[in-house]
Structures are given as C-alpha cells and as structure tokens.
Amino acid sequence: MHLLVLGGTSFVGRAIVEDALRTGAEVTLFGRGRTNPDLFPRLARRIGDRETGDYTALREGSWDAVVDVSGYVPRHVGQAMEVLGDRVGRYLFISSHAVYERTGLAPGSDEDTPRRPPVRHTEELSEATYGPLKVACEDDVTARYGARATIVRPGKVAGPHDSMDTFTYWVRRAARGGRVALPGDPAQPVQVVDSRDLARLVVRLLADDRPGAFQAVGPAEPTTLGGLIETCARAAGTQVEIVPVPSEGAPPMFPLVRPNWPTQQRSAARARRAGLPATPLEVTAADVLAWDRARGEPPLRLGYTPEEERAVIAGQASGSRASRSG
C-alpha cells in the first residue's frame, strides 16, 4: 500500500506512520518539515504548508490512500482534495468527537448521533468552533469522495509523545503517590484510547478499503476517573488517596474532568468490529510514564502544580475541620 500522510510526525500522525510501516506500507509525508524533522529519515517527504495553501509538492504522484491528520478547517481539506483529485484511492480524515451534539445523549451513543451544525465563516479554533469546523471538513470529504471517504472520530487519545498533557498529568501525578486532589467526581466515566490502537484501526480500515464513520474510544473495559487514577498508580507501583476538592478555582479544562457524563460513554462497537484493538489502560499508563521520565518530565500546561495541589488539599482539610467543630 502506498500511503500519503498529511502530517505524520506528531503524536497521532506519528503512531499511524509507525503502524503503517509495520505492515510494510510505503509512506510519503507531507508537511512543513518543522515538527520532529529528524523522525523517519528514510521516508519520502513532500514539503508544503497548509496554512498558506502551498501544496505544490503534491502536484505529482499517486497513492492508494491519504490520511489527513492535520486538517482542521474546510480550506485545508478543500485545497488538499483539489490538488490530489483522483490520484488517491481513499481519503481518510481524522476528525473528533467534538463534531457531535452534546445534549440529549444517552450512554452508548454511536456514530449516528446528530452532529453540530457546520461552521465555515471562521478559521479561528476555539471550544465553540473546533467541532463545527471538523463537521464541515467531514462533509466536504464525503461529498468529494463518497464511498472512498472514511471518517475516524477519536475520543481523548493517550500514549507516548502526547503534547496535550491531558493523560500525562494523571500518570505523572499518580506516580508521585499520596493524596491526589481531584476537582471532580471520582465516579465520572472517562474514555481514553491508546494512540497505537487508534493507529491500528486507521491502517486496518485502509487495508480493508472500508468507508464510513468510526468513533475510536477506549479502554475496552469501562472505567471512571477515580479508576483511571488508581490504574496509573498501579502502573507506577505507588499508592494514592483521591481527595475530591471543589472545582471552583481549579485551572480551566482540568485534565479529563467533564460535567457531561454521556459524552464519556460512547460506543466503540463499530470500530471494534472493524479492527480497533484494546490495549489495557495499565499498559498505556506504564508506557506514558516511561516516555515522560525519559524526556525529563518537563513542566505540564494542564492541571495543578505540586504547590497548588498541596494548598488545595490543605484548604480542604482545614474546611473539613471547621465544619466538624461547628
């Protein structure tokens, strides 16, 4: 299989390329050449820039399939399809769960869940526009390629080389052990999918030439936020005590804490039937811990700093004592 990857050197794209190479695929990378430029030195590279619309390097060549990891707005997708045309057999677009409506959900929602209205009037990515822009991208890919279009909608992705810090925060925090502040409900359902499982699904869909939409979620066994933290502790060989604390005053977008529980209980049945594997959560946690330590544990952008967490737990204990004495 001759595969073109738009992106391919950062986290999800990297995992897809690695899995494609494992199967013997011939992979060509397209991008600016700025992210991990020394990665995959033996692969063919086409240098361009989606932001400026520079696709000159893709005007020649043909591929069995293209994986679009770096398309976030309709212009990105439209310009790529315009230059590639029918010189690609299948167009697989990496979308997001953010495309779905967030109200009226029940646990176990599938790929037929209503999506949010598409947005085309802006290219500014925000909490309000990210999902609707992805909806517009999905619509354009499906309109252009029809039965040769495949849409993959990952949930929260976890694994080595993750730059988003979301899962890494809990892995690192659990590895320190002790009392862990959680500005949320430990019983909250949570879904994370291993990046390597997502990659295996993508490569399997391409090998099977399978159309349609697939939501990639994990782990295989349902878990809660409290369960995830405890699993991370087991992977690190530590003991933790989860301390629920008020959400008021917590850093915004606290890792994996979500008020809308049904959005964390989506069905992976269609993706599992198509080949989505199920790496145990403890294995994902152990691998992320090893990777994080090997890179020197740089500061994280999300969650509490150790100092903030100690202050929150101390304040919680002080409040509890005052309540009991009153």
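This briefing describes the cores, one strand, two buried residues and the empty spaces of the structure shown above. The model is a predicted one, and the values below are computed from its atoms. Its largest nonpolar core holds 36 residues, and apart from that core lies another, of 31 residues. The structure also holds one cavity of 30 Å³ or more, and its second largest pocket has a volume of about 200 Å³.

**The nonpolar cores**

- Within the largest nonpolar core, which counts 36 residues, the members that touch the most other members are V27, V67, V152 and V202.
- Helices and strands both contribute to this core, since at least two residues come from each of β1 (2-6), α1 (12-22), β2 (26-31), β4 (63-68), β5 (88-94), α5 (195-207), β11 (212-216) and α7 (269-274).
- Helix α5 gives the largest share of this core, namely seven residues.
- If its neighbours within four places in sequence are left aside, V27 is in contact with L3, V5, V17, A20, L21, L43 and A44.
- The other core, which lies apart from the largest one, has 31 residues, including I242, A250, L289 and Y304.

**Strand β6**

- Strand β6 covers residues 149-154 and is mostly covered, with six of its six residues buried.
- In a regular strand the side chains alternate between the two faces of the sheet.
- In β6, A149, I151 and R153 point one way while T150, V152 and P154 point the other way, and all of these residues are buried.
- Strands β5 and β6 run parallel and are joined by four bridges, and in one of the pairings L92 has T150 of β6 as its bridge partner.

**Two buried helix residues**

- V12 is found in helix α1, and V12 counts as buried because its relative accessible area of 15% is under the 20% cut-off.
- Although V12 and P160 are 148 residues apart in sequence, their C-alpha atoms are 9.8 Å apart in space.
- Apart from its neighbours within four places in sequence, V12 is in contact with V69, V157 and L198.
- T166 belongs to helix α4, which spans residues 166-176, and T166 also counts as buried because its relative accessible area is 6%, again under 20%.
- With neighbours within four places in sequence left aside, the contacts of T166 are K156, P255, L256 and L302.

**The largest cavity**

- Rolling a probe the size of a water molecule over the atoms shows where empty space is left.
- The largest cavity contains about 70 Å³ of space, and of the 14 residues that line this cavity, V192, V193, D194, P219 and T279 lie nearest its centre.
- Two elements, β10 (192-194) and α8 (281-294), give two or more residues to the lining of the largest cavity, and β10 supplies the largest share with three residues.
- By type, the lining of the largest cavity divides into eight nonpolar, three polar and three charged residues.

**The second largest pocket**

- The second largest pocket is lined by 17 residues, and those that lie nearest its centre are Q191, P219, E221, P222 and R266.
- P219 therefore appears in both linings, being among the residues nearest the centre of the largest cavity and of the second largest pocket, as these spaces are defined on a grid over the protein atoms.
- At least two residues of this pocket's lining come from each of β9 (189-190) and β12 (223-224).
- Seven nonpolar, seven polar and three charged residues make up the lining of the second largest pocket.

Notes: Residues numbered from 1 in each chain as written. Predicted model: local features only at pLDDT ≥ 70, side-chain atom pairs only at ≥ 80, totals over all residues. Heavy atoms only, no water. 1 Å grid on protein atoms, 1.4 Å probe; cavity = no way out; pocket = protein on both sides within 12 Å on 5 of 7 lines; lining within 4 Å. Points joined across faces, edges and corners; volume = space filled by probe spheres on them. Nonpolar A, V, L, I, M, F, W, Y, C, P; charged D, E, K, R; others polar. Core = buried A, V, L, I, M, F, W, Y, C linked by side-chain atoms within 4.5 Å. Buried < 20%, exposed > 50% of the residue type's maximum accessible area, 1.4 Å probe, protein only. Contact = heavy atoms within 4.5 Å. Pairing = 2+ DSSP bridges.
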